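Please open the model in your viewer and keep the sequence panel beside it, since this tour moves from one selection to the next and says what to look for at each stop.

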Amino acid sequence: MEVIKEFRWALLVMMVLLLHGSWHSYGCWETERIALLQLQAHFNYSIQFDYYNYWWDYDYSDDVKCCNWERVRCSAATGHVTQVSLWGIRGWNSFEHWYLNASLFLPFQQLKKLDLSDNNIAGCLKNEGFEKLSTLENFEFLDLGVNNFNTNILSSLSHLSSLKYLYLYGNEMKGRIDIQELNNLTNLKKLSIPDNKIEGFKSLHGGEKLLNMSNLEYLYLSYNNFSNDILSSIKGLSSLKTLWIGYNLLKGPFNLTELDAMSNLEELSLSRNNITKFISSREIRSPKNLSILYLDDITVEGRSMLLESLGALTHLKTLYLRDSNFKGTIFDQGLPHLKDLEHLHLDYSIVNTNFLQSIGELSSLQTLSLCNCGLNSTTFLNQGLCELIHLQMLDISYNDFSGSLPLCLVNLTSLQWLDLSSNHFIGNISSSPLRGLKNLEHLSLSNNLFQIPISLSPFFNHSKLKFLNGGGNKIYAEINHQNLSPMFQLERLILSGRGYSGAFPKFLYHQYNLQLVDLSHIQIKEGFPSWLLHNNTKLEELYLINNSLLGPLQLPLHFHTNLSYLDISDNCFQGYIAPMIGTYLPRVRYVNMSGNGFRGSIPSSFGNMSLLQTLDLSNNKLSGSIPEYLTIGCISLVELILSNNSLQGQIFSRTFNLRFLRELQLDGNQFTGSIPHSLSNCTFLRVLDLSHNDISGKIPWWLGNMSYLEILDLSMNNISRNIASNFCPSNIRELYLSRNGLQGSLKDAFYDCFELIVLDLSHNNMTGSIPSWIGKFSYLSYLILAHNNIEEEIPIQLCNLTQLSLVDLSHNHLSGPILPCLRSTSNSYRQQEGSYNASASVSMDEPLEFTTKSISYSYKGSILSYISGIDLSCNHLTGQIPIEIGNFKEIHVLNLSHNSLTGKIPTSFYNLRQIESLDLSHNNLKGNIPSQLTELYFLVVFNVSYNNLSGKIPDVKQFATFDESSYRGNLFLYGCPLMKNCTEISLPPSKSRTSIENKESSCFIDKDAFHASFGVTYIMVLLVIAAVLYINPYWRQVWFYYIEVSTNNCYYFIIDNLAFLSKFRFCNFCK
């Protein structure tokens, strides 16, 4: 009978639901579905949303199953919406304040939780505030953090008597707030209002300024402007368990008697105040339940009353003194009196060894954390520390400890958690005291100088060991190791480091609970360990980076549903990628197989990995096309990297479904066709690299509308035609379009790209002039416009670009003078002098081509931060070289060759102390080469050939290394190296003076008679010539013209052959 009654009731409920026609399993109530769509419209408001807010970018109008929508949770029993999470919908990407219509949430009658944080909400529409939600009886949780609400919001919230959790952190609440509005929230258990500018409480009706929220258990008031009077306002909160008032303006003595009524207080935060000491009465020394105290970020010098008065907190169990300065402070000031203290955290504080000399007196201490405290002496390790026999957790990571581990550590037999990472400890783990610490569960030895056996034999008896991190040490193979089974069952193992060269360690075959394994960089020589996946069904992360693993990629025998991260990059795998990889590893989120020898096609089974977010198959020998099923099934894919393979065909098909893609790198393949329109669906795309392919057509206009696109690389393709006018993705930072067939003017393109850091349009057919608006690109660091047909003068607006590092305008048709205000400094130099703009940093992943030392190089990575240069070569520039260029103290490359520059080489060039390549060739420069240039010690390439320079060539220091090609084509230059072969010329054998005189005495010509006859004849010829020229004016004119021409010819003949004649005179000088 009872069964029949229950059946009737169930049938009745089903009939009601069917009659209502609004809800069914997997669906939701129609009124609530419509309300959600109205919310979507209210929040959407012509805003572009990021990847994490994709609920609002999707059209749900035809989807009746709103309980399955993202950011929505429903009751399993009733189907009503109970939770709505709208955080960050209009957050960082919307700078305009806006006003909320809270009544839109009224249809959700069973709403319990509402998250509206990080939305730039400034308030509510008039008469549409949160008071409208007072009818929602189940409404318990409201998060309004990181918005722009002021204190007026409290009057609206005071009507929500059902609220238990209220978050108002990070708003614009200032001054004093009405205490009565908070007291109306009688059911509130947790109130969080940190990170505002609240000064205190007030009573608008003249009552007592006392919070009397009897159910309040957690109160967070940090990061405000509260002073000491806050204590009198909150002393009546008898249920309070946690009170955070750190980072306020409390100062002077802190009276613990103010907390007498808070008998349940367990946790107190007073960090970053100016408290001098704690005061307590004899009757009540401190709240009896107060066990956790935060005193982070304080400065204590010498003897401190604050530390001494800590002894009043007799029940304290946990003390936080992080991010503080205890330089010159003695530890025995109060702290040793905390006999019941169990947990002490001093991380990131400045602590000297003396401060810790009495650490052993804390006999009850179980946790000691000293991470990154600048400690470098092991004195306290050998003394007080080893006395803490109850210590269970010890963290001394990120210090400067060196030497071997003290043997007395073996006394810490209770130790379960030990972190020694990032120090300079040395020694073999096999002979260290760690062998005796058999209760260890967590052991981190990373980034030291230990020698760790790959077998882990020193820990075979550590049956409780779960976590072992030995990365960044030397891993070695034991010579006489016995293949025993360890007692431990590890969960996380990290042995990435250096050394070793062998097979997988044998103990791994006996592990069955592994969740993470990292054996990178230790040159393991074996095949893929499919047995490791088979034995460890809980394995989530496997990293085998940069080893010598060989053969094909063998899959486990059975499906592995827990593996999320697989990285086997930079190994020697060959053959085909297993066709069923996506079937056997269906829940992988990250796959990196780059830097191997995989060949064949990409398996379409990757499409079965619906959770896959990153796929990197770059630097292999893969061929074929991108599988269509991959672009359909991998709906969560964020990064797709297939660079440097032999893939071909069209990039994507029309059925492309990678809507959440943020990074797409297909460079270095053989893709053809045009850029597919299906990519326009990737509205969150941040990086698009299609360089080094055979893509044709034009740059599609819709690329300019991709608001999240920051890096676009289409270089080394066959893209042609004009760039669309006003082409400018709103957040574009790096634009690489070199070596294509682009045409047209720069006048309209990139006009509003004010975030540009890199603009590379080299090796195209661009025409027109450099537009003046380029001076508005205040972040521009790399301007590469070489090998185009750009004309007219260099715009003076370039002088506004203070972040320029590389400027290449070479091989164009620019005319006019060189701007004296043009500048170029490396990012690293600007960082040193404080003028670097961090917003102008580049990704460093894309190469930039720039000519230096007469060779064209591709620069990428960190080297770009250290190089600076200007290349204006192969143009029609005129005028003199501005002396201001000599002020570029940090420039590395300067090329002004193949222009029509005149004047002298500025002596100010001696200031170019970092220059490595200086090319002034093929101009009309005159004068000497300044001797001051010999002080340019880093100069490797120097070229002034084919000018009109004169004088002696400097030949000391760096200039002694330059050959004749650096100076040729200057008629009046002389000196080395223009006579570099002088030492090879053979001179006739020297003769004695006696032999010469004997030869002269045997000559048959009378010298006196010869001189007399020659003189008379010479005079007669001159007289005859003078007479003829006097008689005939025409001959006289011709004669003087001939004399002038001959004189000039002789002069230049002597000048031209002076270097040859001087070989005999200066031969020893050149040696």
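A charge is said to sit over a ring if NZ of Lys or CZ of Arg is within 6 Å of the ring centre and within 35 degrees of the ring normal. Keep in mind throughout that the model you are looking at is predicted.

With that definition at hand, select R599 together with Y576, where you will find R599 lying over the face of Y576, at 4.7 Å from the ring centre. Then move to K113 and F141, where the lysine lies over the face of F141 and is 4.7 Å from the centre of that ring. Stay with F141 and add Y165, Y167 and Y169 to the selection, because ring pairs link these four residues into a cluster.

Next, consider aromatic rings across the model, for a search of the whole structure finds 32 aromatic pairs. One of them is formed by Y509 and W531, which are stacked, with 3.9 Å from centre to centre and 15 degrees between the planes. Y509 lies in the loop between strand 29 (498-499) and strand 30 (516-518), while W531 belongs to helix 8 (residues 530-535), so this pair ties together parts that are 22 residues apart in sequence. Is each partner buried or exposed? Y509 has 29% relative accessibility and therefore counts as partly exposed, whereas W531, at 19%, counts as buried, because buried means under 20% relative accessible area.

Now turn to the interior and select F130 and F750, which touch the most other members among the 265 residues of the largest nonpolar core. Helix 2 (residues 30-44) gives the most to this core, contributing four residues. If you centre the view on F130, you can look for the residues that it touches beyond four places away in sequence, among them L100, L116, C124, L142, F149 and I153. A second core, separate from the largest one, has 14 residues, including I711, I784, L806 and L864.

For the last stop, select S369, which is placed in strand 19 (residues 367-369). At 4% relative accessibility, S369 counts as buried. Which side chain makes a polar contact with the side chain of S369? Show D347 as well, and you will find that its side chain makes this polar contact with S369, at 2.4 Å. Leaving aside residues up to four places away in sequence, S369 touches L344, H345, L346, D347 and D395.

Technical notes:
Residues are numbered from 1 along each chain as its sequence is written. This is a predicted model: local features need pLDDT of at least 70, side-chain atom pairs count only at pLDDT 80 or more; totals for chains, interfaces and linings use all residues. Side-chain values use heavy atoms; hydrogens and water are left out. Rings of Phe, Tyr and Trp (its six-membered ring) pair if their centres lie within 6.5 Å; planes under 30 degrees apart count as stacked, over 60 as edge-to-face and the rest as tilted. Helices (H or I, at least four residues) and strands (E, at least two) are DSSP runs, numbered from the N terminus. Buried means under 20% relative accessible area, exposed over 50%, partly exposed in between (1.4 Å probe, protein chains only). A nonpolar core is a set of buried Ala, Val, Leu, Ile, Met, Phe, Trp, Tyr and Cys residues joined through side-chain atoms within 4.5 Å. Contact means heavy atoms within 4.5 Å. A polar contact is a pair of N or O atoms within 3.5 Å; within protein, one must be able to donate a hydrogen and the other to accept it, and residues adjacent in sequence count only if both atoms are side-chain atoms.
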